[in-house]
Amino acid sequence: MRRRTGTILAAVVLIVGISFFLIRAADDRTTDEMMSRSARLAIPSTWKQLDNIVRREQFLCISTNPCPSLARRWATGTELTPADLQAIAAPASLSLKLEGTCQRRPNSGGNIPVCTGTAADGDYDYRLAVASPGPGKPVEVILEVKPASG
């Protein structure tokens, strides 16, 4: 009886282990695909990356914190226009829906968004935002990629 129980327990542990590795491999493929798609954006090499947050695909994801998801931020060292955002998105075959002029209003205070572009490719939603940290300071660009909302 003990031998049979040991064999069953070993089989269960083996099945759980194999399942874990199969799920992990599928999760990694999904995350790698998202990273590959976002790499097609034409981010200038002169920009200094400030943040790079990657939330990998997981067996259980909460809708308020989707996974996989990607958030990156760059200091550009320059001013941008809506056409610049479209040029960044073009190599990824994304056509951005733009809001804002990318120009800071003279009476604005603090770090504010000055324009935002959104697009979707069927599997992922993309958001490129330009933020102005202050008058006369170079803008920052924020990229967010997450699973399509529907």
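This report describes the fold, the confidence and selected side-chain interactions of a single chain.

The structure is a predicted model, in which local features need pLDDT of at least 70, side-chain atom pairs count only at pLDDT 80 or more, and totals for chains, interfaces and linings use all residues. Residues are numbered from 1 along each chain as its sequence is written, and side-chain values use heavy atoms, with hydrogens and water left out.

**Overall fold and confidence**

The chain contains two helices and six strands, arranged along the sequence as α-β-β-α-β-β-β-β. Helices (H or I, at least four residues) and strands (E, at least two) are DSSP runs, numbered from the N terminus. The predictor's confidence in each residue is expressed as pLDDT, on a scale from 0 to 100. Its mean over the chain is 82, and 76% of the residues reach 70 or more. Among the elements, α1 has the lowest mean pLDDT, 65, and α2 has the highest, 95.

Of the 150 residues, 29% count as buried. Buried means under 20% relative accessible area, exposed means over 50%, and partly exposed lies in between (1.4 Å probe, protein chains only). Contact means heavy atoms within 4.5 Å. Among contacts between residues at least 6 apart in sequence, 50% join residues at least 24 apart.

**Salt bridges**

A salt bridge is a side-chain nitrogen of Lys or Arg within 4 Å of a carboxyl oxygen of Asp or Glu. By this rule the chain has six salt bridges, including those tabulated here.

| Salt bridge | Closest N and O atoms |
|---|---|
| E33 and R37 | 2.5 Å |
| R37 and D123 | 2.8 Å |
| R73 and D51 | 2.7 Å |

E33 and R37 both lie in helix α1, four residues apart, which is about one turn of the helix. E33 is partly exposed at 34% relative accessible area, whereas R37 is buried at 15%. The salt bridge of R37 with D123 links distant parts of the chain: R37 is in helix α1, and D123 is in the loop between β4 (112–120) and β5 (124–132), 86 residues away. D123 is partly exposed, with a relative accessible area of 41%. Together, E33, R37, D121 and D123 are linked in a network of salt bridges.

In the remaining tabulated pair, R73 forms a salt bridge with D51. R73 belongs to strand β2 and D51 to strand β1, so this pair ties together parts that are 22 residues apart in sequence.

**The aromatic pair and T76**

Rings of Phe, Tyr and Trp (its six-membered ring) pair if their centres lie within 6.5 Å; planes under 30 degrees apart count as stacked, over 60 as edge-to-face and the rest as tilted. The count comes to one aromatic pair. The ring centres of W47 and W74 are 6.2 Å apart and their planes stand at 55 degrees, so the pair is tilted. W47 lies in the loop between α1 (2–39) and β1 (48–55), while W74 lies in strand β2 (residues 69–75), 27 residues apart. W47 is buried at 9% relative accessibility, as is W74 at 6%.

T76 lies in the loop between β2 and α2 (82–89) and is buried, with a relative accessible area of 7%. Leaving out residues up to four places away in sequence, T76 touches W47, V139 and V141. A polar atom of the T76 side chain lies 2.8 Å from the backbone oxygen of T78; the backbone oxygen of V139 also lies 2.8 Å from a polar atom of that side chain.

Definitions and conventions. A polar contact is a pair of N or O atoms within 3.5 Å; within protein, one must be able to donate a hydrogen and the other to accept it, and residues adjacent in sequence count only if both atoms are side-chain atoms.
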